[in-house]
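Subject: Structure handover and findings

Hello,

Here is the structure for you to look over. Please open it alongside this note, and my findings follow below.

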Amino acid sequence: GRSMHRFFLPLFLLLAPLLVMSSSKMCVGNEISDEEKEWMRKIDEAVKAEGLMVENRFMLAAYAIVSKGDVAKALHRIRNWNRIVTTHRINETSEKEATQWFKVNMVDVFYSVGRDAEGMTGYGIRNGNFRPDKVVTDDDLRCFLRGLSDNLKSNTMTIEDVRRGSFFMGDMSTMAWENFNLNLQKKMVGVLQDSFPIKLKRLVFVNPPSFIWALIKIMSVFMKKKLVDRIKPIQMSDVPQLFSDTANVPAHMGGGMTLDAWEKRENQLKIYRASVAEVESGGGPRAATVAM
């Protein structure tokens, strides 16, 4: 017994620093600076004064970062998200229900894409599988918006991911006019640019159809110029150039990202939920909350 003890004690002392380093990495990405905490405090005061809702302290930090501490801009986004959540009763649909709706009504609409060369998170959509005609009832729209919000959460897994920003990649190889709906597009753009706390830094349109510029002109009516300017039409053969690691390039675009889109999203949502719990337990400003 003593000989085993003599063996394992030095081994433990040798490995202890590595174990500490490994556990500390779990917290990397959710540090909030003193400046950002002050932004949070001011925004939180304004949120409570106006009777608005923010889901949790992580989301409060995200609003603070996306707005760069501008209280008016943060409130504008929060008001809009509150209106969307309330009007469409998004909280009445669970993540599981929304996921099942997409799997039935928009089969294979999503594909996995890894981080780009700048380290940004992204999500891919096969525009040819996007079915606006399936969004008919209020329940359909509620499931659609809930699924969209879950996708955005999966791309803002940590505070650092919020800071760094995200990108959208649409595979338009088989897209037709029937895959575009003006009213639904307006709602999606409204969520992306004016309500949910996410920095959408690039919109990559892969193999865009010949009518893409007509489409962009229509979208520019309700899409801010800075977002329109971030549209990047490219050919599929050029996609790997956006990544530093071919393992992050979608498999059907010549890369090694073969993970199922839903599995990848669930993995990222687990990190998101852990980040929410970590930031929520960190003290400081505490926003009024609503469960989702």
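Which residue in β5 is the bridge partner of F205? It is P233. Please keep in mind that this is a predicted model.

**The sheet**

F205 and P233 sit where two strands meet. Strand β4 covers residues 200-206. It pairs with β5 in the parallel sense, over four bridges. β5 itself spans 231-234 and is an edge strand, as is β1. Each of these two pairs on one side only.

The whole sheet is open and has five strands. Their order is β1-β2-β3-β4-β5, and the pairing is mixed. At the other edge, strand β1 (residues 110-111) runs antiparallel to β2, with two bridges between them. There, F110 stands opposite I125 of β2. β2 and β3 run parallel and are joined by six bridges. I125 takes part here too: its bridge partner in β3 is G170. β2 is mostly covered, with five of its six residues buried.

**The cores**

The largest nonpolar core has 69 residues. Those touching the most other members are W81, F102, M106, F144, L152, V191 and F205. Helix α3 (residues 57-66) gives this core its largest share, nine residues. Apart from it lies another core, of 14 residues. M120, I234, M236 and L242 are among its members.

What does F205 touch, leaving aside its neighbours within four places in sequence? Its contacts are F168, G170, M172, I212, I216, I231, K232, P233 and I234. So F205 has a place in the largest core and a bridge to P233 in β5.

**Aromatic pairs**

There are 13 aromatic pairs in the structure. Two are worth a look.

Take F102 and W262. Their ring centres are 6.5 Å apart and the planes meet at 55 degrees, so this pair is tilted. The pair links distant parts of the chain, 160 residues apart. F102 belongs to helix α5 (residues 95-105), and W262 to helix α11 (residues 261-280). Is F102 buried or exposed? It counts as buried, at 4% relative accessibility. W262 has a relative accessible area of 19%. The cut-off for buried is under 20%, so W262 is buried as well.

Now Y123 and F168. Their ring centres lie 5.8 Å apart with the planes at 75 degrees, so the pair is edge-to-face. Edge-to-face applies to angles over 60 degrees. This pair also links distant parts of the chain, 45 residues apart. Y123 lies in strand β2 (residues 121-126), and F168 in strand β3 (residues 166-171). Y123 counts as buried at 11% relative accessibility. F168 is buried too, with a relative accessible area of 13%.

One aromatic cluster is formed by W101, F102, F110, F130, F144 and W262. F102 and F144 appear again among the core residues that touch the most other members.

**The pocket**

The largest pocket has a volume of about 470 Å³. How many residues line it? The lining has 17, and V66, R77, Q193, K226 and R230 lie nearest the centre. At least two lining residues come from each of α4 (71-87), α8 (182-194), β4 and α10 (225-228).

Best wishes

Notes. Residues are numbered from 1 along each chain as its sequence is written. This is a predicted model: local features need pLDDT of at least 70, side-chain atom pairs count only at pLDDT 80 or more; totals for chains, interfaces and linings use all residues. Side-chain values use heavy atoms; hydrogens and water are left out. A nonpolar core is a set of buried Ala, Val, Leu, Ile, Met, Phe, Trp, Tyr and Cys residues joined through side-chain atoms within 4.5 Å. Buried means under 20% relative accessible area, exposed over 50%, partly exposed in between (1.4 Å probe, protein chains only). Contact means heavy atoms within 4.5 Å. Rings of Phe, Tyr and Trp (its six-membered ring) pair if their centres lie within 6.5 Å; planes under 30 degrees apart count as stacked, over 60 as edge-to-face and the rest as tilted. Two strands pair if DSSP finds at least two bridges between them. On a 1 Å grid over the protein atoms alone, a cavity is a set of points where a 1.4 Å probe fits but cannot get out, and a pocket is an open set with protein on both sides within 12 Å along at least five of seven lines; lining residues have an atom within 4 Å of a point. Grid points are joined across faces, edges and corners, and a volume is the space filled by probe spheres set on the points.
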